[in-house]
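Please prepare a formal report on the structure shown here, covering overall form, core and chain contacts.

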Amino acid sequence: MKAAKLAIPSLVALAVFMVALPFGLKLHQQDFMISLLVWVLVVSSYRLMALTGEYSLVHVVLMGAGAYGSALLAKLAGFSVWLAMPCGALVAAGIAALLSFPLFRMSGFYFLIGSFAAGEAIRLSWTYFTVPFGGPKGIKLIPSPELTLPGLGPIPFFEPIPYYYLTLIIVGISLFILYRLENSRIGLIMNAIHWRAPLAESVGVDTWRYRALAFVIASFFAGLAGALFCHYYGTANPAQFDVAAMVYVLIWVIVGGVSRFAGPIVGVVVLSVLNELFREAEQWRPLIYGCILIAAMFYLPDGLVGLPGRIRAWLDGRRGVAAAETGEAAEEPADLASPRRR
Amino acid sequence: MEIILQTCVNALVASAFFALMAVGLVLIFGVMGIINFAHGELYMVGAYLVWYFYASLRWPFLVAVLAAFLIVTVIGLLMERTLFRPMRDNPLGGLINSIGLLFILQVLAVQVGGVGLMKNVPPAYRGSLELLPGVAIGNQRLVALVIAAALLVCIWYFLTRTKVGWALRAVAQDRDAAALQGINIDRISMLAMGLGAGMAGMAGALIAPLTRVEPYMGHGVIITAFIVTIVGGIGSLSGAVLAAVLYAFFHTFVTTYWNGTIATMLGLLIMLVVLIVKPTGIMGTRVSE
Amino acid sequence: MGITRRDLLTATAGTAVLGSTVIPRIGLGATKTLKIGFLAPLTGEVSAWGLPGLYGCEVLVKNINAAGGVQIGEDTYTLEIASFDDEYLPDKALQGFKKIVSEEGAKFVMMLGGDPWPGVQRFANQSKMLATTLLPSDLSPDTPYLLAPCEVHPIYNVTGVEYLARNFPDAKRAVICAQNDSLGIPSVATYEAAFEAAGIEVVDVNIFDPATTDFAPLVTSLMAKKPDIFCYDTAYADFVNLIAQQLHIQGYKGLQISCTCDNYPQIVEKTSKEFMEGFIFQFPDFDDPKLNEPFINFPEPNKFFADYNAAHPGTWTAVSWEYPSIVLQWIAGAKLAGSVEPMQVLEAMKSKPSWPHIFGEADWWGQDLWGINNALVGKWPVVVIRDGKATIAEFGDIPAWWAKNKDVLIKRMRERNQMWDQRA
């Protein structure tokens, strides 16, 4: 609980920084920040799922389901974007709820592959059924939200800065909900399912229900992220939500470190910024990514987020203190969920 | 009638390649518990090596294929030693490392061969064999089919009739018990990885003159290999072979009579159904603990 | 070739100064750097449609700069390419577009178009930035500043069919195969219209997944329809390569027509000269002597081809010359406008009903298909393989075909949901 004292001032500082940030950025970097915020929501929601010990490969496709759902509701059904976005998220959650019946009959490796198959089948159907999904070109000219504030006139949400603040607010609230959820009774049970599934079952916890719950909630926020994405860029197509995108999400989550709430966020921020810095390297970029990934597996088994703890432990060790305490990262078992373990 | 027979011939060739890929994947997963995401890239490397040795350096085709097989086997051994062995207690770590390697191999392929059009690998065996009027198999495909089948038979013989093969299967069944029996797990893991990689390399090498040789060619193949592996039962070698044949026939017939996208979509759904109804696959016996 | 452009410019300026007390305007402006935006996939699976184009532009720009740059208005400019990898994703494309325009200060942006364009459209309109695409299916009344000045895919495919029908009047049954994407489908509609106009029946259309690796089943299925004509549609060059091999193995003997046939020597090598004899497609080799005709608007195409192959061997495709030809068209526009400002260049280019296209004068066109006249349509070569070598058989006239068969094409486009008002 020692972190709690620090938490409030540093959160306020972070909020001030995030609010001021776009004014210090170039035009294209403002867009980059919008994308980054959206991906932050994707990886954070993914972590909720991972808390129960399951790694899914359908998350990005469900993000796409949110994008498609919201875009179609806004374009074809004439929904206001403000209504379409949460409805798109509900579409993603609904698909996840349906998928949870077959998928949670499996676990570990089988779940991983099963979710992958389900995701690819959904994505191929977007490609194949031109009506209403638009085929390989997807959906274009998706409207952006409209809001007229008294005294300010209509807010131009197609501009990066207003949309950045909109995204910041929605992602901020979502992260808060996810964080509270994790520290609630439900979150503790989810964690218990991960580490002590048989024990949890023996005390009467319906593990299927909680796994499915985590999956549905995570998918809701992934869908919301997809909706946020498509109403800014104005387009959604199947290629945006393919396996490659899913692999990147997995990398961000794991390199960042899944053991703590901030881990995936740190992962996506650090790696995306690095990726932009390496833009000059053009074709070498994926290779740099690959090397970072492998290096992280070897040297940062608890992720980037465990780095301060490791450094501290190393310093303590140098000072001759017995290095039993490896910082907060050691509160939970350091190695990642193992599909084989079950 | 001709179409049905021709489609059967097409499917037979496809089954041999699906089987080579799937058996390798199963070997690796069975022994090490790691999903090798870079399996498609090993296939790609096999194809690139044939392009380099055969099409560029003008080595005889079969020599080039053998060289590709050996080199990819060595890559597999190195992968086991450097990427997978340190992650033995953490299968997710192995998976992530293989994804890292996937990126690295793709970039190296781009650097070696550039992007743009596919690498040109002319067929070593021209012409075709007319089995019946209107039913033909290209000689290059015939050779590939024969070699692939022969390799599969060798692997089967090795696994069921030799002592080392027996040990390998023992490890796949129960690693701890096998270790207690005095089987050297490290050596068996390297063997499995080398063989699995070699088979992927061989598949790529044989198919090089028949397909698009380009840096991202492994992508589509790995999806097929997953489907076959799951349907066959993740730990079962005979299941993988049977599933490869069934899936190849299914996919080829649906593609011929309906549509390729539908074929893949249905394949994925079948895999999902198998996962739900019988997660151990059609031939699997092991329960997922 | 004794006099280079630089010599010519200095000579003109020198004589003028000596011969007159009035200081001439030519050649005395500052030498500036002019950035040209290049926004296309440079990594990943679609990079084959971007990277060779970047190489081509680099070769062209190097040659232009070596000759002293470009004179526009009062200033002389050396050219520089500002490139950005959009990874074929709309969000990356928007970031790249903004970077190229607002930070690098490029005056126009060449794009591949397709999936990434919708991400860019709104910003391009707002910032009034001139952009170009290789895929005219991006055009609509909402894209006033987007031009398709070089490739008007797939409309030019009608010229190949017209040539085929004229030379092989007995061929009456055609099959079409196409990959399911934004290149394949509009092209299917075009071929269907062209065959219909020529009185040829299309007996089967097979639309396949771009992830297909084995083409044996597809070829078996199409050959069962006993076609006289096998149409590859706008299959990717690699697909043409593999499908042709399969056709050869399965014993196909009829006519073949395709949009592209890049690297056809490989296909000839893999099949046979006899099999490929008479293969019709739409993209000439740049060492073709017919490209030296006076109406061709591309300086020394044969030398460009040689320079390119020396710099980037084995990477030449159609986009290798398409992006450079767009650079040349833009330069012509800027010279006419006397300015590099996007809207002035656009206005100058659109101020005339026709504009020099690489294959001769072409009309601004497209109202009926895309709701805006922002595509250049004129002549397009019909290329035929003879004795293993692609040769330009004729330059087909697209506007003439259109005048006769407009309704058929619009009907077919509508059937395939390809009209601009049908696109979601």
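The report below treats chain A, then the nonpolar core, then the contact between two chains.

This is a predicted model, in which local features need pLDDT of at least 70, side-chain atom pairs count only at pLDDT 80 or more, and totals for chains, interfaces and linings use all residues. Residues are numbered from 1 along each chain as its sequence is written, while chains are lettered from A and ligands numbered from 1 in the order in which they are written.

Chain A contains 13 helices and 2 strands; helices (H or I, at least four residues) and strands (E, at least two) are DSSP runs, numbered from the N terminus. The radius of gyration of chain A, 21 Å, agrees with the value near 20 Å for a compact globule of 342 residues; the radius is taken over C-alpha atoms, and the globule rule is 2.2 Å times the number of residues to the power 0.38. The C-alpha trace of chain A spans about 65 × 50 × 45 Å along its principal axes. Of its 342 residues, 49% are buried, that is, 20 or more other C-beta atoms, placed from the backbone, lie within 10 Å of the residue's own. Among contacts in chain A (C-beta atoms, placed from the backbone, within 7 Å) between residues at least 6 apart in sequence, 74% join residues at least 24 apart.

The largest nonpolar core has 355 residues; such a core is a set of buried Ala, Val, Leu, Ile, Met, Phe, Trp, Tyr and Cys residues joined through C-beta atoms within 7 Å. Helix α1 (residues 2-32) of chain B gives the largest share of this core, 19 residues. Domain 1 (28-153 + 295-377) and domain 2 (157-281 + 380-422) of chain C both contribute residues, so the core lies between them; the bounds come from an automatic or database domain assignment. B:Ala22 and B:Val50 have the most contacts inside the core. Beyond its neighbours within four places in sequence, B:Ala22 is in contact with residues including B:Ala225, B:Val228 and B:Gly232.

In the contact between chains B and A, 35 residues of chain B meet 37 residues of chain A. The largest share of the chain B side, 13 residues, comes from α4(B). That side is broken down by class below.

| Class, chain B side | Residues |
|---|---|
| Nonpolar (Ala, Val, Leu, Ile, Met, Phe, Trp, Tyr, Cys, Pro) | 24 residues |
| Polar (the others, Gly among them) | 9 residues |
| Charged (Asp, Glu, Lys, Arg) | 2 residues |

Of the 23 residues of α4(B), 19 are buried, so this helix is largely enclosed by the rest of the structure. Just after α4(B), B:Gly114 takes a positive phi of about 75°.

Terms used:
Buried ≥ 20, exposed ≤ 12 C-beta atoms within 10 Å, placed from the backbone. Contact = placed C-beta atoms within 7 Å.
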